[in-house]
Amino acid sequence: MKLATVAGKEVLVTGAAMGLGKLFAERAVREGAAAVVLWDINETALRDTAAELSGKGVQIHRHIVDVSDAEAIRAAAETVRGEVGDIDVLVNNAGIVRGNTYFWDTADRSDIEKTMAINSLAPMYTTLEFLPAMVANGSEARILTIASSAALVHNPRMSVYAASKWAALGWSDSVRIELRQAGHRHVRVTTVCPTYINTGMFEGAKGFWLTPILDRYKVVETSWKAMKKGTPVVILPWTSRLNEVLSGFLPIRIRDFFLDTVGVYHSMDEFTGRK
């Protein structure tokens, strides 16, 4: 069952102040959503984004939420239900990355906890707040989770990030199957696994064989269309799908040689991240 538009729907986007999250919120506004709820921890950027999106015929609600805190998610979700009611479209976009070090050189162990909390647990806790009503309401609903191609291919210098995205993909696609198995086909789950995107989050990371840094606008366009269509998993670009296939049948030593040779295993060597 396709969702032609989010017009009249209640949409919530996490990590909505900038990057992909801001673009997703803009898409929802352009399509005439009834309300767009913005969650982010960056108060200044969140305020600016909400101001940009206001005055276009769509209710804009902004909430400063630290999605690494399960209790903060619960409290914010309760507030949202009081403001706009149930959510029809949830975009789990908030993410964090730490990299350019080998795992044993991790200086701050809180980086591990924060990465797993934001990238893995936050989508679970946030979805758990809104999915029961989606199931019960019976109307077309969507959950879009931004994972990563790091969920498909082991990559040095980003081991914790890869682990967090493997968890996100495994959880998200399992929920998709659960919904189908239980007969709740009006709720569709889409998981997007892109390589590096030019949002600034992966500043310094390098593209590799036939795989340039992705354009954020194209990623959002592809993801948004897939979400409405109910596509289960989106892997961007095609070379990432190829790497997944090769990793599935090549012997490990040959797989490692191939991924090292084409540059995947060195793509984080000069990573600096967003300042």
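What radius of gyration does the chain have, and what would a compact globule of 275 residues have? The model in your viewer is predicted, and its chain comes out at 18 Å. For 275 residues, a compact globule would be near 19 Å, so the chain agrees with that expectation.

**Stop 1: the whole chain**

Start with everything shown as a cartoon. You should be able to pick out eight helices and seven strands. Turn the view along the principal axes, and the C-alpha atoms fill a box of roughly 55 × 40 × 30 Å.

Now switch on a surface. The chain exposes about 12,600 Å², and carbon and sulfur atoms supply 55% of that area. Of the 275 residues, 51% count as buried. If you draw the contacts with a separation of 6 or more, 73% of them join residues 24 or more positions apart.

Next, colour by charge. There are 31 positive and 30 negative side chains, and the centres of these two sets lie 7 Å apart.

**Stop 2: helix α1 and Glu 26**

Select residues 19–30, which form helix α1, and find Glu 26 within that helix. Is Glu 26 buried, exposed or partly exposed? Its relative accessible area is 22%, so Glu 26 is partly exposed. Leaving out neighbours within four places in sequence, Glu 26 is in contact with Glu 52 and Leu 53. For a sense of scale, draw a C-alpha distance from Glu 26 to Arg 188: the two are 162 residues apart in sequence and 21 Å apart in space.

**Stop 3: strand β3 and His 63**

Move on to residues 59–64, strand β3, where His 63 is found. With a relative accessible area of 12%, His 63 is buried. Which residues does His 63 touch, not counting those up to four places away in sequence? Show side chains for Val 37, Leu 38, Trp 39, Asp 40 and Leu 46, then add Thr 79, Val 80 and Glu 83. Val 84 makes a handy distance check: it is 21 residues from His 63 along the chain, and their C-alpha atoms are separated by 13 Å.

**Stop 4: Arg 157 and helix α5**

Here is a backbone feature to look at. Most residues other than glycine have a negative phi. Select Arg 157, which is not a glycine and yet has a positive phi of about 70°. Arg 157 sits in the loop between β5 (141–146) and α5. Its relative accessible area is 22%, so Arg 157 is partly exposed.

Follow the chain into α5, residues 159–181. How far apart are the end C-alpha atoms of α5? They are 33 Å apart, and because 23 residues at 1.5 Å a residue should span 33 Å, the helix agrees with expectation. After α5 comes Gly 183, with a positive phi near 85°.

**Stop 5: Gly 200**

Select Gly 200, in the loop between β6 and α6. At 18% relative accessibility, Gly 200 counts as buried. Now draw a C-alpha distance to Arg 185: the two residues are 15 apart in sequence and 36 Å apart in space.

**Stop 6: helix α6**

Select residues 216–229, the 14 residues of α6. From first C-alpha to last, α6 reaches 20 Å, close to the 20 Å expected at 1.5 Å a residue. Which residues of α6 are buried? Show Val 219, Val 220, Ser 223, Trp 224, Ala 226, Met 227 and Lys 228 as sticks. Then bring in what covers them, which includes α1, β4 (89–92), β5, β6 (187–194) and β7. Helix α1, the home of Glu 26, thus returns to view among the elements covering α6.

**Stop 7: Pro 237 and its cis bond**

For the last stop, go to the loop between β7 (233–236) and α7 (238–249), where Pro 237 is found. Most peptide bonds are trans. The bond from Leu 236 to Pro 237, however, is cis, with omega near -10°. Is Pro 237 buried or exposed? At 15% relative accessibility, Pro 237 counts as buried. Add Thr 195, Thr 211 and Leu 214, which Pro 237 contacts once neighbours within four places in sequence are left aside. Finally, draw a C-alpha distance to Pro 212: it is 25 residues from Pro 237 in sequence and 9.0 Å away in space.

Conventions. Residues are numbered from 1 along each chain as its sequence is written. This is a predicted model: local features need pLDDT of at least 70, side-chain atom pairs count only at pLDDT 80 or more; totals for chains, interfaces and linings use all residues. Side-chain values use heavy atoms; hydrogens and water are left out. Helices (H or I, at least four residues) and strands (E, at least two) are DSSP runs, numbered from the N terminus. The radius of gyration is taken over C-alpha atoms; the globule rule is 2.2 Å times the number of residues to the power 0.38. Buried means under 20% relative accessible area, exposed over 50%, partly exposed in between (1.4 Å probe, protein chains only). Contact means heavy atoms within 4.5 Å. Accessible areas come from the Shrake-Rupley method with a 1.4 Å probe; for residues, only the protein chains shown count as cover. Lys and Arg count as positive and Asp and Glu as negative; His and the chain ends are not counted. The place of a charge is taken as NZ of Lys, CZ of Arg, CG of Asp or CD of Glu. The expected span of a helix is 1.5 Å times one less than its number of residues.
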